[in-house]
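Hi,

Here is the structure I promised to pass on. Have a look at it first, and then read my notes below.

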Amino acid sequence: MPNTPTLTDLIGTGQGMESHRPWPRATIDRRAWWSIAEQLAASQWILSGLWGDTDAVHMALLDEAAASMAVVTLPCPDGRFPSIAQYHPPAIRLERTAHDLFGLEPENAPDQRPWLDHGCWGLRHPLGVQTAGADAKPYAFLAAEGESIHQIAVGPVHAGIIEPGHFRFHANGEAIVRLETRLGYTHKGVESLMRGADLVAAAKLASRVSGDSTVAYAIAFARAVEAALGMEIPARAHWLRALMAELERLANHLGDIGAICNDASFSIMLAHCAVLRERVLRVSDACFGHRLMRDCVGPGGVARDLDSGDAPRALVTEIRKRLPALIALYDNTASLQDRTVTTGVLKPHLAQQFGAGGFVGRASGRAFDTRRALPYPPYDQLAFEVPVLHEGDVNARVWIRFREVEQSLALIEQILVGLPGGAIRAEIPRRAGEGMAMVEGFRGDILVWVRLDGEASIARCHLRDPSWFQWPLLEAAIEGNIVADFPLCNKSFNCSYSGCDL
C-alpha cells in the first residue's frame with residue numbers, strides 16, 4: 001500500500017513516553033486511534049494486545065515487515081473509546097475484557113456481551129469505578145438459522161481433568177454450522193492481585209497464569225520488569241532461561257502429539273509420547289528443582305544454577321534416538337492420517353489477520369516466531385529454523401510440533417555447549433518505569449506489559465496469552481467438520497483456558 005505510515009510515524013504524532021522500554025509508547029488522540037483501526041483492517045499491522053487502565057486504553061502493535069513494535073495509549077476521560085473491533089475482529093474479546101474489568105465502553109462495538117464477568121463477582125468493573133454486581137443472566141449465544149439446526153451444549157465441566165470451558169455447537173445433523181466458546185470460569189483476578197505486589201509476589205503470579213507455560217510467562221514478566229528498570233542481567237542467566245524454555249517446549253509438544261493421536265483413537269502414540277514427556281519433566285526437576293521449573297526465573301536472573309549438563313545431554317540423545325520411529329509410526333498409519341489430514345483447516349488469511357502465533361499460525365503459513373522476529377538473548381546467538389506449513393489442518397499442526405521438537409533438541413545442544421560462566425542474578429534497582437516484553441512460549445508469543453512505581457512494585461501489569469487470538473480461530477476452523485472431530489481439532493489447537501481468564 002503506498003504511503004503506508006510506519007509505527008515510527010504513528011508514535012511521532014503522539015506524546016512520547018521516554019521511560020517505556022524497549023519499544024516506544026505514545027499517548028494519541030481519537031483521530032490517530034481511528035487511523036490505527038484502518039491500518040489493522042488493511043492487515044498492515046498486527047494487533048498484539050489491547051488492555052484497559054483506570055482512565056485509558058492501551059494497544060500494542062506489531063509491524064512484522066519492519067520487525068518493530070509500539071504501544072499507543074488513548075485517554076478515556078469519559079470512560080469511552082472508539083471500538084477497534086468494529087473494523088478488526090481480533091479485538092472483540094479484548095475490548096469486552098477491558099469493559100468487564102475497568103468499565104471502559106468501546107463505542108459501536110460489534111459484541112457488547114460480558115466476557116470475564118459471569119455475574120457472580122458481587123461487583124462490576126473491579127479495576128475501575130466499582131459498582132454493585134448484578135445477578136448472573138443467561139448468556140446470549142450467537143444464533144445460527146436454518147432447517148434442522150440443533151444445539152449441542154458441552155461443558156463447562158468436562159469428563160477429563162481439564163480446565164472448564166463451555167462449547168456451544170449449532171449443528172445440522174453431524175455437520176457443525178457454528179461453534180462458540182465461552183470462558184471465564186477460571187477467573188483468578190490476576191491483574192487485580194498484581195496491583196501493589198512486590199516483584200517476588202508478582203513473579204509468582206505471572207508464572208501461574210497458565211501452568212503449562214510457567215517458564216515462558218516467568219521470562220516474559222522478568223524481561224518486562226528488566227526493560228522497565230533499564231537493567232541488564234548476567235549472560236549465564238539468559239542462557240539458563242533459554243534452556244528451561246526449550247525443556248518446557250519439549251514437554252508440551254511431546255504431550256500434545258500423544259494427546260492428539262489419542263483423540264483419534266491411536267493410544268499407542270500417547271503411551272510412547274507420555275514416556276518421553278515424563279523423561280523431560282524428570283530432567284527438569286533434576287536440573288532446576290521442579291518438574292515445571294516453577295519459580296526458577298524472576299526479575300534479575302534465575303533462582304537455580306545448572307550443576308551439570310549431563311542429564312540434558314542424555315535426554316537429547318534419548319529423544320533423538322526414539323523420535324524417528326514415532327514420526328514413522330504417525331506418518332505410516334493410514335487410519336490416523338484419515339482423521340488428521342484435511343480436518344479442522346485454518347485458512348492462512350485468518351491466521352495472518354488474527355496474528356496467530358506458535359504451531360497454530362505456522363501450520364497455516366504465518367512464519368512468525370518471536371525468538372527470530374524480535375530476538376532476545378540468547379536466541380540472537382543461536383541457530384534454528386522456524387518450520388512453516390500451509391495446509392492448516394490437524395495434520396499440519398502435528399508436523400509443526402514434530403519439527404519444533406527437533407529444533408528444541410538442537411537448541412538445547414547449542415545452549416549446553418555455549419553456556420557462559422559467571423553470576424546468575426543481578427541486583428534489582430528500586431525505581432519507577434514502564435516496560436514490555438514478548439517471549440515465545442510453546443503456544444506462541446506471550447506479551448507482558450508492566451508499570452512500576454518508585455519502589456519497583458507493580459502499579460499495573462497486563463499479561464496476554466497467545467490463546468486470546470487462537471480460540472476464535474478454532475471456532476472458524478471447526479466449521480463444516482463433524483461433531484466427532486471436535487476433540488481432535490480442539491486438542492490440535494490446545495488453547496489455554498486459564499491464560500484467557502485474567
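W34 is partly exposed, with a relative accessible area of 29%. Keep in mind that this is a predicted model. The ring partner of this tryptophan, Y87, is also in the partly exposed class, at 44% relative accessibility. That puts both between the cut-offs, since buried means under 20% and exposed over 50%.

Now the geometry of that pair. A pair of aromatic rings is described by the distance of the centres and the angle of the planes. For W34 and Y87 the centres are 5.8 Å apart and the planes stand at 75°, an edge-to-face arrangement. W34 belongs to helix α2 (residues 30–41), while Y87 sits in the loop between β7 (80–82) and α3 (92–102), so the contact ties together parts separated by 53 residues in sequence.

There is a second pair I'd like you to look at: W471 and Y497. Their ring centres are 5.0 Å apart with 65° between the planes, so this one is edge-to-face as well. W471 is in helix α15 (residues 467–478) and Y497 in the segment after α16 (486–493), so the pair links distant parts of the chain, 26 residues apart.

Buried or exposed, where does W471 fall? W471 is buried, at 1% relative accessibility, and Y497 is buried too, with 8%. Both values fall below the 20% cut-off for buried. These two rings also belong to an aromatic cluster, whose members are F167, F169, W471, F486 and Y497. Across the model, the count of aromatic pairs comes to 15.

Two arginines are worth a click as well. The charged end of R371 sits over the ring of Y379, 5.6 Å from the ring centre. Next door in the numbering, R372 lies over the face of F384, with 4.9 Å to the centre of that ring.

Last, a helix pair. α5 (residues 199–206) packs against α6 (residues 214–229) at an angle of about 145°, and the axes are 8 Å apart. Their crossing is right-handed. Which residues meet there? From α5 come L199, A202, A203 and A206, and from α6 come Y217, F221 and V225. By class, the contact of α5 with α6 is made of 7 nonpolar residues, with no polar and no charged ones.

If you open just one view, I'd go for the cluster with W471 and Y497 in it.

Cheers

Technical notes
Residues are numbered from 1 along each chain as its sequence is written. This is a predicted model: local features need pLDDT of at least 70, side-chain atom pairs count only at pLDDT 80 or more; totals for chains, interfaces and linings use all residues. Side-chain values use heavy atoms; hydrogens and water are left out. Rings of Phe, Tyr and Trp (its six-membered ring) pair if their centres lie within 6.5 Å; planes under 30 degrees apart count as stacked, over 60 as edge-to-face and the rest as tilted. Helices (H or I, at least four residues) and strands (E, at least two) are DSSP runs, numbered from the N terminus. Buried means under 20% relative accessible area, exposed over 50%, partly exposed in between (1.4 Å probe, protein chains only). A charge sits over a ring if NZ of Lys or CZ of Arg is within 6 Å of the ring centre and within 35 degrees of the ring normal. Axes are lines fitted to C-alpha atoms, for helices over the stretch in contact, and angles run from 0 to 180 degrees between N-to-C directions. A crossing is left-handed if the near helix is turned anticlockwise from the far one by less than a right angle, and right-handed if clockwise. Contact means heavy atoms within 4.5 Å. Ala, Val, Leu, Ile, Met, Phe, Trp, Tyr, Cys and Pro count as nonpolar, Asp, Glu, Lys and Arg as charged, and the others, Gly among them, as polar.
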